[in-house]
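Reader: I have a model open on my screen and would like to walk through it with you. Could we take it one question at a time?

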Amino acid sequence: MRKILMSLSILLFVGCAELEPIPDEDKSFNAVYQIPNSSKDTIYNNTRIWIAENFRSSKAVLEYENKEEGVLIGNGSMPYPCSGFECVGKENDTVSFTIRVDMKNDKFKLTFSNIKIHIPSYRIGLTFYPESTYPIRYMSDLNSIKPELLTFGNRLQESVNKNQKSKDW
């Protein structure tokens, strides 16, 4: 009986951890990536190319761009990142976000904010649930989404390096 109660307590605790709210300061995050021997202009131009290649429409994505300041701000979306059992009920969900890229010589900083989860409409039996979009609320969602967003920085970094090396085609 004691083992059963202990197991139920652990399950309850783990279940509650999944619903832990995200502190406001964690609802946006950033990371800095180094690209040695790259000018701000080179990073800027290659970032625009990377956005055009990796998002549906760079014109629809970019909300603000300033080459002199080395700033690009846009909106993106991706499928909700999950695998296995955690995908149950989330397989059609998407994540939207604001991405800001600040560039200097030899580095850039990605900042992600305004992260929202979009759930398409669905039906269970005779009950219809309309589509909904809501700001990210729980640590479990952030723990799934954040690593995937941060891979954008690695992919952008690789793209800039590759484009610099392939100039002499």
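Reader: Glad to start with a ring: is Phe112 buried or exposed?

Author: Happy to help, and keep in mind that this is a predicted model. The relative accessibility of Phe112 is 0%. Buried means under 20%, so Phe112 counts as buried.

Reader: How are the rings of Phe29 and Phe112 arranged?

Author: These two come from distant parts of the chain, with Phe29 in strand 1 and Phe112 in strand 5, 83 residues apart. Phe29 is buried too, at a relative accessible area of 7%. The ring centres of Phe29 and Phe112 are 5.6 Å apart with planes at 40°, and planes from 30 to 60 degrees apart fall between stacked and edge-to-face. The pair is therefore tilted.

Reader: And what about the rings of Trp50 and Phe55?

Author: Both Trp50 and Phe55 are buried. Their ring centres lie 5.9 Å apart. Since the planes stand at 80° and the cut-off is over 60, the pair is edge-to-face.

Reader: Which residues form one aromatic cluster?

Author: The two pairs we just discussed both belong to it. The full membership is Phe29, Trp50, Phe55, Phe97, Phe112 and Phe152.

Reader: How is helix 2 oriented relative to helix 4?

Author: Helix 2 covers residues 40-54 and helix 4 residues 139-165. Their axes come within 9 Å and cross at roughly 115°. That angle makes helix 2, relative to helix 4, roughly perpendicular.

Reader: Which residues of helix 2 meet helix 4?

Author: On the helix 4 side, the partners include Phe152 and Arg155. The residues of this contact divide into six nonpolar, six polar and one charged. From helix 2 come Thr42, Ile43, Asn46, Thr47, Ile49 and Trp50.

How values were computed. Residues numbered from 1 in each chain as written. Predicted model: local features only at pLDDT ≥ 70, side-chain atom pairs only at ≥ 80, totals over all residues. Heavy atoms only, no water. Axes fitted to C-alpha atoms, helices over the stretch in contact; angles between N-to-C directions. Parallel < 35°, antiparallel > 145°, perpendicular 65-115°, else oblique. Contact = heavy atoms within 4.5 Å. Nonpolar A, V, L, I, M, F, W, Y, C, P; charged D, E, K, R; others polar. Phe/Tyr/Trp six-rings, centres within 6.5 Å; stacked < 30°, edge-to-face > 60°. Buried < 20%, exposed > 50% of the residue type's maximum accessible area, 1.4 Å probe, protein only.
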